[in-house]
Amino acid sequence: MSVKHGLLGLLAQKPQNGYELKNSFDKIAGGFWDVNYGQIYSTIDRLVKDGLVISSVEGKESVERRVYQITEKGVKEFKDWLDKPSAKIRPLRDEVFVKLAFMYPFDKDAILQLLAEQRQLYLAKMAELTRQKYLLSRNGISRDNLMTDLLLDAALFHAEADIKWIEHCEAKLREFEGEPPVSDG
Amino acid sequence: MVNKVEMKDVSKIYKRGKSEFRALNGISLSIKEGEFLSVMGPSGSGKSTLLHLIGALDKPTSGNILIDSIALSSLSDDDLSQIRREKVGFIFQQFNLLPTLTARENVLLPLKIANRVSSEAYRYADEIIETVGLKEFNNHLPEEMSGGQMQRVGIARALVIRPSIILADEPTGNLDSKTGEEILNLLKGCQEQYKQTIVMVTHDAKAAAYGDRIIRLKDGQIEEEMEVTNALPISNI
């Protein structure tokens, strides 16, 4: 996951200030990838330090704004990154995994309760994303919103995988102490 | 808001020889007019039984079910099949189209069975065929259509009688994810356009996420219930 390359990509489109970058970021990835101003500014500072972005002050003293502009080196960095497939698979660093690892002594009911609540949260998020997708489809998928639609899809597929995994855990845990599995019918 | 369906303490027990299987265990549930309800749950949790009982395809062992305030338990078998013909639209995972009939003939079939063959009914049928995007496929046989097109016929056939409720059983279970999304968008669109009440059974979270409310069954009971809240009401957009 790369805020760095996201910001480089946005600056490759046009110079922007921090506020505009936050808005642009939310526009392409909003709803499922929350980036706060702190992350934006700390990432931008690093980009400036690495010579990938330069900053300049525009406007009169009372309304001055710091605008960021991508450098040639920055453009090269972004294009190199863009052309390469991503070798990393999603890391298993979800909070839920960590919580499960520390559920000790083994308390089956507490784990099942946690998993059920987690599953509901994911489902609620999926419902929200689905609503966004439905509204997009109603307005007609165009070149402008196709990428948003595909990103929403990605978020939905990931949440679906998380829910499937939780259901899988629930079924295994229920069986673990000899509770008979529910028969098919 | 009017309740389209009321279930009061409904149980369904199947007897196999001497053993009993309690498919539904004291379920109470109200489904509001115009609501899209998703029903989730693992295999054997009672999802299909619930759908069959609401659709008057089967009778509960105990408890009451009302559709449009009509108590199904008070009805004879003939009256029950009339309820099915006139008030319930079914959408199936396997589409269940008649292979020798064209798309349009399949859509018109419920009207013929219910003996509602007025020109107004036919005009409405053609409007629905257009809504579901099948106008060009009017004269195609099911074997000449893709899965997505067949399910569009399935949706049109369910809508054509202006049902009180549509019952959909894994409607995207036989479709790839892109086609499934198109079908669910269409179903959601029909909910909106026709104020259609929909109950959809699915084990698929992506499909269930289209509901306004999602319930989860386990061992014949409602284990969890979730209103989809923090979403904007569609009509305001």
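Two strands pair if DSSP finds at least two bridges between them. In this predicted model, strand E3 (residues 36–40) of chain B and strand E8 (residues 198–201) of chain B meet that condition, with four bridges in the parallel sense. Within this pair, B:Val39 stands opposite B:Val201 in E8(B).

## The six-stranded sheet of chain B

E3(B) and E8(B) belong to an open sheet of six strands, in the order E6-E7-E8-E3-E9-E10 (chain B), and the pairing is mixed. Strand E6 (88–91) and E10 of chain B are the edge strands, each of which pairs on one side only. On average, neighbouring strands of the sheet are turned by 20 degrees against each other, with direction ignored. H5(B) packs on this sheet and touches E6 and strand E7 (165–169) of chain B. The direction of H5(B) makes about 170 degrees with that of E6(B).

At the E10 edge, strand E9 (residues 213–218) of chain B runs antiparallel to strand E10 (residues 221–227) of chain B, and six bridges join them. B:Lys218 stands opposite B:Gln221 in E10(B). E9(B) and E10(B) form a hairpin with two residues between them.

## A second hairpin

Strand E1 (residues 3–16) of chain B pairs with strand E2 (residues 19–32) of chain B in the antiparallel sense, over ten bridges. B:Val5 has B:Ile31 in E2(B) as its bridge partner. E1(B) and E2(B) also form a hairpin with two residues between them.

## Helix H3 of chain B and its surroundings

Helix H3 (residues 103–113) of chain B has buried residues at B:Ala103, B:Arg104, B:Asn106, B:Val107, B:Leu108 and B:Pro110. These buried residues pack against helix H4 (119–131) and helix H5 (147–159) of chain B. H5(B), which takes part in this packing, is also the helix that packs on the sheet.

## Positive phi in chain B

Most residues other than glycine have a negative phi. The table lists residues of chain B with a positive phi.

| Residue | Place | Phi |
|---|---|---|
| B:Gly17 | turn between E1(B) and E2(B) | about 60 degrees |
| B:Asn115 | just after H3(B) | about 55 degrees |
| B:Arg162 | loop between H5 and E7 of chain B | about 50 degrees |
| B:Asp219 | turn between E9(B) and E10(B) | about 50 degrees |

B:Asn115 is not a glycine and is found in the loop between H3 and H4 of chain B. Because B:Asn115 has 8 C-beta neighbours inside 10 Å, it counts as exposed; the cut-off for that class is 12 or fewer. B:Arg162 is likewise not a glycine. With 14 C-beta neighbours inside 10 Å, B:Arg162 counts as partly exposed.

## Chain B as a whole

Chain B has seven helices and ten strands. Its C-alpha atoms fill a box of roughly 50 × 45 × 35 Å along the principal axes. A compact globule of 237 residues would have a radius of gyration near 18 Å, and chain B agrees with this because its value is 18 Å. Of the 237 residues in chain B, 43% are buried. Among the contacts in chain B with a separation of 6 or more, 71% are between residues 24 or more positions apart.

## Chain A: domains and one helix

The domain assignment divides chain A into domain 1 (3–83) and domain 2 (95–176). The C-alpha centres of domain 1 and domain 2 of chain A lie 30 Å apart. The contact between them takes four residues from domain 1 of chain A and six residues from domain 2 of chain A. On the domain 1 side, the residues in this contact are three nonpolar and one polar, with no charged residues.

A:Lys99 has its place in helix H5 (residues 95–101) of chain A. A:Lys99 is partly exposed because 13 other C-beta atoms lie within 10 Å. The C-alpha atoms of A:Lys99 and A:Ile111 are separated by 9.1 Å, and the two residues are twelve residues apart along the chain.

## The interface between chains A and B

In the interface, 18 residues of chain A are in contact with 20 residues of chain B. Helix H6 (108–139) and helix H7 (143–176) of chain A each supply at least two residues of the chain A side. The largest share of that side, eleven residues, comes from H6(A). By class, the residues of chain A that touch chain B are nine nonpolar, five polar and four charged.

Definitions and conventions: Residues numbered from 1 in each chain as written. Chains lettered and ligands numbered in written order. Predicted model: local features only at pLDDT ≥ 70, side-chain atom pairs only at ≥ 80, totals over all residues. Buried ≥ 20, exposed ≤ 12 C-beta atoms within 10 Å, placed from the backbone. Contact = placed C-beta atoms within 7 Å. Nonpolar A, V, L, I, M, F, W, Y, C, P; charged D, E, K, R; others polar. Domains from an automatic or database assignment. Rg over C-alpha atoms; globule rule 2.2 N^0.38 Å. Axes fitted to C-alpha atoms, helices over the stretch in contact; angles between N-to-C directions.
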